[in-house]
Amino acid sequence: MNDRTPPSSLNPLLDFADLPPFDAIKPALVAPAIDQLLREARSALEQVTAAEFPNDWRRISLTLDVPAERLSRAWGAVSHLNSVADSTELRAAYNEALPKVTEFWTSLGSDERLYEKYRAMDVARLDAEQARAHQNAMRGFVLGGAALQGEAKERFAWLQERQAELAQKFSENALDATDAFSLYVTTDELAGVPDDVVQATAAAAQADGKPGHKLTLKMPCYLPVMQFAHSSTLREKLYRAYATRASDQADAAFSQFDNTAIMGELLALRHEEAQLLGYRHYADVSLVPKMAESPEQVVAFLRELAHKARPHAQKDLADLREFAASELHLKDPQAWDWPYIGEKLKEARYAFSEQEVKLYFTAPKVLAGLFQIVETLFEVAIRRDTAPVWHPSVEFYRIERSGAAGPELVGQFYLDPAARTGKRGGAWMDDVRARWLRPDSGTLQTPVAHLVCNFAEGVNGKPALLTHDDVITLFHEFGHGLHHMLTQVNERDVSGISGVEWDAVELPSQFMENFCWEWEVLKHMTAHVESGEPLPRELFEKMLAAKNYQSGLQTLRQVEFSLFDMLLHSLAEPATTGDAILALQRQVRDEVAVLHPPAYSRTPHTFSHIFAGGYSAGYYSYKWAEVLSADAYAAFEEAAQQNGHSTLDVSTGRRYRQAILEAGGSRPAMESFKAFRGREPSIDALLRHQGMA
């Protein structure tokens, strides 16, 4: 096999000299590039599994991992574009290649010849990072079906391909159902809605050649309308469309996006996969590589959290009902009224609104503030950088640290902040490439990350305005990025986020959210969009007082999703129909929730985390990792009390960076946590942070 990197003129997806040439990747180039990379990777697999090939970590890494990593990077670029720049042509190219790529990774993970090579390795000759990667690989082979034989092995491979197809279709339906809906309304109907949203919706209608305002189900439009529009009729229309997306309850015009059958089939296939591997159900399989030891342990954790949060949630709801009746004359509030009531009560109780706060959070100022925190705490510098991008609004940066011979590159990242058509909703971090001491060149490959959000864009030449929730989201994704980019591990499979237990991977992201509530931090990252004045201390104190507003309700909502997910994947017989899935959801709501949506609501149908996003029997990870992140942040609070200053304590930051961020997946997450805190985590800090201690 020729190891020389082909020049980019042949095909940008085959150019591994540096960063992906995103601006040159065209749908027609996907198939030839992926086919070539698959041929090279398959050839390498045959080479290393030959009887005479040595059972040597470095030789296998050089021969197989290099072409496999190229395939991974090229496919990663295609998958990324499919998420942020969806088009009919790209989707077709992606879907054509998906089964082939899935088949290769399945065959690689289940190849008994390769499994035997790894089993025969002398682990004593491996360094600590290699030993950890080897341990993970051995576990991966078993979960990948390498120990299966004959028909069972073939069936297992088919299950992987079919699940990948279904997950992709689920994701497409959720995106298409969201994009397909629009509602044109008059200015009068938008009474109460913030000015920037009114302007943006007017611009959207104008772009369609229509009068009035265009409303969509994308968060920068949907949420402020639900929170601020005085018209209950308008809120109900939007709520119904949102709550029935990609389901059998949606408008007949959108029936082709119904995810009901896909969910049932996915659950059946996951259950069959678990049985083939010798497990009771899919939840058992999901937890093998995680911190939690069993589904029963997770369910007990969630129920304990629900028990502690329930009295707070009941009080939250009683307050909302009383306010709705006395101040808004709403005697029987409906599901579409709660966000509006919540916002009005918040304004009345704390004398501020999200709209007032938003005027101080201009995107450039927030970003500069975030960078300053990271630079201070983790002793690095963040600089603008250049790279080919997929959209004009995407920015590119580099992270450096000072070395003996000057600045040293640590990592780089793309920032894609704005919501737009063809970009899937939500926010996420993904890797472009990992830190790796490359076996082919002996050079150190630095990590590169994608940080993707869906914020409203600026209008009329003004900078984008972020809600405080948007700011928290940005900090969250940046925390993931830091975990990926600040790693000092040289073994690719355990560097950065790779090899980190899924229920611990949210620790660094949720940890960063805490800084969004520190005055010493916030005052440096705010500037009023008109006057340039920083956020007033008085307004910050109101925000802080409101921080745990409805935290009981929010905690129960997260527990409800998490418990539903875990129980859904723990059934002795899988739920293969929409009715069975919804019956379980009702059962969980009856146990946990204090608020119940209308019968037509279909939350599972767009629950992409568990049906298309790698969180199946793993959604509990957010709450699990919150315990870790709150306790980790408590170390910075303790340092602030001792030094009499802010939580931006450099020595604590250095310890956190070294114990958690730099270690990546090179050791169990519990070991990293204990290296930082000197003990196992406690739930106390989380309950205190959320006002439920």
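These legends walk you through close-up views of a predicted model.

**View 1. Five strands line up in an open sheet.**
Following the sheet across, you meet the strands in the order β3-β4-β5-β9-β6, with mixed pairing. β3 (381-384) and β6 (428-433) stand at the edges with a single partner strand each, so one side of each has no neighbour in the sheet. From one strand to the next, the twist averages 30 degrees. As a general reminder, strands of a sheet pair through backbone hydrogen bonds, in either a parallel or an antiparallel way.

**View 2. Strands β5 and β9 run parallel, with helix α15 packed on the sheet.**
Six bridges hold together β5 (residues 406-418) and β9 (residues 448-455). To find your way along this pair, look for Y414, whose bridge partner in β9 is H450. Helix α15 (residues 363-378) packs on the sheet and touches β3, β4 (395-403) and β5. The direction of α15 makes about 145 degrees with that of β3.

**View 3. R398 and D385 meet in a salt bridge beside the sheet strands β3 and β4.**
The N to O distance between these two side chains is 3.0 Å. R398 sits in strand β4, while D385 belongs to the loop between β3 and β4. The two residues are 13 residues apart, and the pair links distant parts of the chain. R398 is partly exposed, because its relative accessible area of 22% falls between the limits of 20% for buried and 50% for exposed.

**View 4. A salt bridge between E112 and K153 links helices α4 and α6.**
Here the side chains meet at 3.2 Å, N to O. E112 is part of helix α4 (residues 112-119), and K153 is part of helix α6 (residues 150-180). With their positions 41 residues apart, this pair too links distant parts of the chain. Which side of the burial limit does each partner fall on? E112 counts as partly exposed at 33% relative accessibility, whereas K153 counts as buried at 18%.

**View 5. K623 and E626 form a salt bridge inside helix α23.**
The closest N and O atoms of this pair are 3.0 Å apart. Both residues lie in α23, three residues apart, which is about one turn of the helix. K623 is buried at 3% relative accessibility, and E626 is also buried, at 16%.

**View 6. Five charged residues are linked in a network of salt bridges.**
The members of the network are D86, R91, K169, E172 and D176. For the wider setting, a search of the whole structure finds 50 salt bridges.

**View 7. S646 sits in a loop and reaches back to the backbone.**
The loop in question lies between α23 (621-643) and α24 (650-661). The side chain of S646 comes to 3.0 Å from the backbone nitrogen of L648. Is S646 buried or exposed? Its relative accessible area is 17%, so S646 is buried. Setting aside neighbours within four places in sequence, S646 is in contact with E520 and A640.

**View 8. C453 and C516 are buried cysteines without a disulfide.**
A disulfide is a covalent bond between the sulfur atoms of two cysteines. The structure holds zero of them. For C453, the nearest cysteine sulfur is that of C516, 12 Å away. Why is there no bond between C516 and C453? Their sulfurs are 12 Å apart, which is too far for a bond. Both residues are buried: C453 has 1% relative accessibility, and C516 has 0%.

**View 9. W519 is a buried residue of helix α18.**
The helix covers residues 519-522. W519 has a relative accessible area of 14%, which means that it counts as buried. Apart from residues up to four places away in sequence, W519 touches L535, P536, R537 and F540. If you zoom out to find E103, its C-alpha atom is separated from that of W519 by 51 Å. Along the chain, W519 and E103 are 416 residues apart.

Note on methods
Residues are numbered from 1 along each chain as its sequence is written. This is a predicted model: local features need pLDDT of at least 70, side-chain atom pairs count only at pLDDT 80 or more; totals for chains, interfaces and linings use all residues. Side-chain values use heavy atoms; hydrogens and water are left out. Helices (H or I, at least four residues) and strands (E, at least two) are DSSP runs, numbered from the N terminus. Buried means under 20% relative accessible area, exposed over 50%, partly exposed in between (1.4 Å probe, protein chains only). A polar contact is a pair of N or O atoms within 3.5 Å; within protein, one must be able to donate a hydrogen and the other to accept it, and residues adjacent in sequence count only if both atoms are side-chain atoms. Contact means heavy atoms within 4.5 Å. Two strands pair if DSSP finds at least two bridges between them. Axes are lines fitted to C-alpha atoms, for helices over the stretch in contact, and angles run from 0 to 180 degrees between N-to-C directions. A salt bridge is a side-chain nitrogen of Lys or Arg within 4 Å of a carboxyl oxygen of Asp or Glu. A disulfide is a pair of cysteine sulfur atoms within 2.5 Å.
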